[in-house]
Amino acid sequence: MSSPKVLFGFHAVGVRLKTAPKSIVEIYIDPTRRDARMRQFVDRVKEAGVRLLDADGMRLAKLCGSHGHQGVAARVHELTQVTSLDELLEQLEAAQLELPLSERVQPLILVLDGVTDPHNLGACLRVADGAGVHAVIAPKDHAAGINATVAKVASGAAETVPYFMVTNLARTLNELKERNIWIIGTSDVAAKTLYQADLTGPVALVLGAEGDGMRALTAKTCDELISIPMRGAVESLNVSVASGVCLYEALRQRSLNPAQTAQHRASAQQPQ
């Protein structure tokens, strides 16, 4: 088993406690915090049979590398996950073949190009989990990796959403195309809007960092570009907010009945 890592915050530790309690080595709590949330959390830890230790605020901050621990931290083993994007997509394809057509779920992937802030990455992972995203992809260069801050902001989603950092993002997007996954990038200057796009099939949504947006090569690799309608004075949204808007529109479209889906697809194919 891998060397333990640290999770902190009620959400991040709580999700691990719910999904994989046996992977937890020990949980630390600040004994001076005696509010209802902490009491309920301690009860859950005891019910799970996980070792519970007291630690003051300074020790917790040193353990977590942050003062935002909320009085809760845990040493945990890494969970066994798929090791590559190819492996994940092959597993997804195999699983779908075993289901009736009406129950099959099309791949939904979030691609982040140049998101370097760990708070933004954590928020993106959280919304990706909520929308049922199968994987999040980012380039190895100019992108944030998973750390304790990301895990806390993600509120457990860093444990549930596969996050792949790839050497060559454009090449990876082309490999997704070979699997018949449609690549849709977001751009402030795109004429077509999010609500005119067909997100019901296999889709990878590509978002760039705030300010600079997607790199030119990334944008060129996309099958189509769409914009998020902006009606106010600001020109763009925070990348995590934009991710939420796009992913939940995909989720909405995928929840339509067959007649509504056909109508939406016909509308999306009309020339703009």
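In this predicted model, helix H1 passes helix H2 in a left-handed crossing. The contact between them is made on the H1 side by Phe10, His11, Val13, Gly14, Leu17 and Lys18, and on the H2 side by Arg37, Met38, Phe41, Arg44, Val45 and Ala48. Two packed helices are described by the angle between their axes and the distance between the axes. For H1, which spans residues 10–19, and H2, which spans residues 36–48, the packing angle is about 25° and the axes lie 11 Å apart. Because angles under 35 degrees count as roughly parallel, H1 is roughly parallel to H2.

**Surroundings of H1**

Which residues of H1 are buried? They are Phe10, Ala12, Val13, Gly14, Arg16 and Leu17. The elements that cover these buried residues include H2 and H6, the strands S1, S2 (24–29) and S4, and helix H7 (157–160). Phe10, Val13, Gly14 and Leu17 thus appear among the buried residues of H1 and also among the residues that meet H2.

Gly9 is situated in the loop that leads from strand S1 (5–8) to H1. With a relative accessible area of 1%, Gly9 is buried. Beyond its neighbours within four places in sequence, Gly9 is in contact with His69, Gln70, Val72 and Lys152. A separation of 64 residues in sequence divides Gly9 from Ala73, yet their C-alpha atoms are 6.3 Å apart in space.

His11, one of the H1 residues in the contact with H2, also touches Arg126. Arg126 belongs to helix H5, residues 118–131, and is partly exposed at a relative accessible area of 44%. Other contacts of Arg126, leaving aside neighbours within four places in sequence, are Val153, Ala154, Ser155 and Ala157. Between the C-alpha atoms of Arg126 and Ala151, which are 25 residues apart along the chain, the distance is 9.4 Å.

**Residues with positive phi**

Gln70, a contact of Gly9, has a positive phi although it is a residue other than glycine. Gln70 lies in the loop between helix H3 (57–64) and strand S4 (72–76). His142 likewise has a positive phi without being a glycine, and its place is the loop between strand S6 (135–139) and helix H6 (148–153). Asn180, which follows helix H8, also has a positive phi. The table lists the values.

| Residue | Phi | Relative accessible area |
|---|---|---|
| Gln70 | near 65° | 29%, partly exposed |
| His142 | about 60° | 60%, exposed |
| Asn180 | near 65° | not listed here |

**Helix H8**

Helix H8 comprises residues 169–178, and its buried residues are Leu169, Ala170, Thr172, Leu173 and Leu176. Viewed down the axis of H8, these buried residues fall within an arc of 160°, and therefore they line one face of the helix. At the start of H8, a side-chain oxygen of Asn168 comes to within 3.2 Å of the backbone nitrogen of Ala170. At the other end, H8 is followed by Asn180.

**A polar pair in helix H10**

Glu249 is part of helix H10, which covers residues 239–254, and Gln253 is found in H10 as well. Are these two residues buried or exposed? Buried means under 20% relative accessible area; Glu249, at 5%, therefore counts as buried, and so does Gln253, at 0%.

The side chains of Glu249 and Gln253 are joined by a polar contact of 2.8 Å. With neighbours within four places in sequence left aside, Glu249 is in contact with Leu194, Tyr195 and Leu199. Gln253, with residues up to four places away not counted, touches Leu194, Ala197, Asp198, Leu199, Thr200, Thr261 and His264. Leu194 and Leu199 are thus contacts of Glu249 and of Gln253.

Conventions
Residues numbered from 1 in each chain as written. Predicted model: local features only at pLDDT ≥ 70, side-chain atom pairs only at ≥ 80, totals over all residues. Heavy atoms only, no water. Buried < 20%, exposed > 50% of the residue type's maximum accessible area, 1.4 Å probe, protein only. Helix = DSSP H or I, 4+ residues; strand = E, 2+ residues; numbered from the N terminus. Arc of directions from axis to C-beta. Polar contact = N/O pair within 3.5 Å; in protein donor to acceptor, adjacent residues only side chain to side chain. Axes fitted to C-alpha atoms, helices over the stretch in contact; angles between N-to-C directions. Parallel < 35°, antiparallel > 145°, perpendicular 65-115°, else oblique. Left-handed = near helix turned anticlockwise from the far one by under 90°. Contact = heavy atoms within 4.5 Å.
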